[in-house]
Amino acid sequence: LSLFSKLRTLICEDIMAEAKKFSASDVLLHTTRDDCWLLIRGKVYDVTKFLDDHPGGEEVILQASASGDATDAFETVGHSSSAETMMEGYLIGSVDGYVAPNMAAESASRDSSSVKTNQPAVPPTSSFNPLPLLVIVLAVAAWYYFTVLSKNKE
Ligand code: HEM
């Protein structure tokens with residue numbers, strides 16, 4: 001029972017932490033050695049206590065913190081899954097309406113092009129539909145099975 005309640009507490013803490021909402025500019029108020037937050041994939045981590053222990057050193061983390069969004073920096077390194085697990089321990093909240101940096105750039109360029117060309121913001125998806133082809137292939141296979149193969153048996 002105690003293991004179960006410990007597990008429940010852990011899970012609840014995680015959900016509660018993620019539920020705290022910050023704005024992206026809040027993160028920029030915590031970029032020093034004594035008080036350092038990171039924004040990674042829309043989640044906010046307080047890594048102040050982790051700075052000394054980070055295998056990649058504190059300088060890179062301070063830089064990523066000051067950049068406002070550490071997602072790219074974190075992912076470029078190709079951190080291990082144990083690093084991913086480790087970061088959950090520093091989770092303190094998330095940013096409401098977070099837009100990933102590359103997605104923000106993409107949607108911005110899409111918006112500006114839609115203004116120029118007056119085309120819909122979302123381009124039509126590929127019109128290829130595999131379903132009719134599948135039906136035809138199945139029909140031919142069934143015909144072959146019932147006619148050609150059964151004649152062979154006779
Ligand atoms: C909460 C956030 C972070 C955690 C928990 C974390 C954890 C770790 C861990 C455990 C390693 C050892 C290698 C591995 O297991 O992948 C590592 C390496 C490294 N980290 Fe981070 N990291 C974090 C954020 C960052 C950020 C924002 C940067 C910015 C560039 C960064 C840069 C690096 C670099 C360059 C290494 C390689 C060190 C080397 O191999 O010499 N990390 N990190």
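I count a residue as buried if 20 or more other C-beta atoms lie within 10 Å of its own, as exposed if 12 or fewer do, and as partly exposed in between. The model I am reading is predicted.

**Entry 1. Leucine 51**

I started with leucine 51. Is it buried, partly exposed or exposed? I find 17 other C-beta atoms within 10 Å, so leucine 51 is partly exposed. I place leucine 51 in the loop between E4 and H3. Next I looked up its contacts, leaving out residues up to four places away in sequence. Leucine 51 touches Arg33, Cys36, Glu58 and Ile61. I also took the C-alpha to C-alpha distance from leucine 51 to cysteine 36. The two are 8.3 Å apart in space and 15 residues apart in sequence.

**Entry 2. The sheet**

I then traced the strands. What is the strand order in the sheet? I read E1-E5-E4-E3-E2, an open sheet of five strands with mixed pairing. Strand E1 (21-22) and E2 stand at the edges. Each has a single partner strand, so one side of each is left without a neighbour in the sheet.

I went through the pairs from the E2 end. Strand E2 covers residues 31-32 and pairs with E3 in the antiparallel sense, over two bridges. Threonine 32 has aspartate 35 in E3 as its bridge partner. I note a hairpin here, with two residues joining E2 to E3.

E3 itself spans residues 35-40. Five of its six residues are buried, so I put E3 down as mostly covered.

Next comes E4, residues 43-46. E3 and E4 are antiparallel, with four bridges. I listed two of the partners. Isoleucine 40 bridges to lysine 43 in E4. Leucine 39 bridges to valine 44, also in E4.

On to E5, residues 91-95. Three bridges join E4 to E5, and the two run antiparallel. Tyrosine 45 has leucine 91 in E5 as its bridge partner. Lysine 43 has serine 94 in E5. I see lysine 43 in two of my notes: it is the bridge partner of isoleucine 40, and it also bridges to serine 94.

**Entry 3. Arginine 41**

I checked the turn between E3 and E4. Which residue takes a positive phi in this hairpin? It is arginine 41, with phi near 50°. The hairpin has two residues between the strands. I flagged the value since it is positive in a residue other than glycine. Most residues other than glycine have a negative phi. Arginine 41 has 13 C-beta neighbours inside 10 Å, so I count arginine 41 as partly exposed.

**Entry 4. Helix H3**

I moved to H3, residues 58-66. Which of its residues are buried? I have Ile61, Ala64 and Ser65. They cover an arc of only 100° around the axis, which puts them on the same side of H3. An α-helix has 3.6 residues a turn, so residues three or four places apart point the same way. On the other side of H3, I find Glu59 and Gln63 exposed. What do the buried residues of H3 pack against? I note E2, E3 and H4. Ile61 is also among the contacts of leucine 51 from my opening entry. Just after H3 I recorded glycine 68, which takes a positive phi of about 95°.

**Entry 5. The ligand shell**

I turned to the ligand. How many residues surround it? I get 20, and the closest are Gly56, Ala64, Ala73, Ser80 and Met87. Three elements give two or more residues to the shell: helix H3 (58-66), helix H4 (71-77) and helix H5 (81-88). H5 gives the largest share, four residues. I sorted the shell by class: 15 residues are nonpolar, five are polar and none is charged. Ala64 turns up twice in my notes, as a buried residue of H3 and among the residues closest to the ligand.

**Entry 6. Residues 128-146**

Last, I looked at an annotation. UniProt, in an unreviewed entry, lists residues 128-146 as "transmembrane region". What does the model have there? Over residues 128-146 I read 89% helix and 0% strand. The end C-alpha atoms of this stretch are 30 Å apart.

How values were computed. Residues are numbered from 1 along each chain as its sequence is written. This is a predicted model: local features need pLDDT of at least 70, side-chain atom pairs count only at pLDDT 80 or more; totals for chains, interfaces and linings use all residues. A residue is near a molecule or strand if its C-beta atom, placed from the backbone, lies within 6 Å of it. Ala, Val, Leu, Ile, Met, Phe, Trp, Tyr, Cys and Pro count as nonpolar, Asp, Glu, Lys and Arg as charged, and the others, Gly among them, as polar. Two strands pair if DSSP finds at least two bridges between them. The arc is that of the directions from the helix axis to the C-beta atoms. Two residues are in contact if their C-beta atoms, placed from the backbone, lie within 7 Å. UniProt positions are given in the numbering used here, feature names are shortened, and annotations may be inferred rather than shown by experiment.
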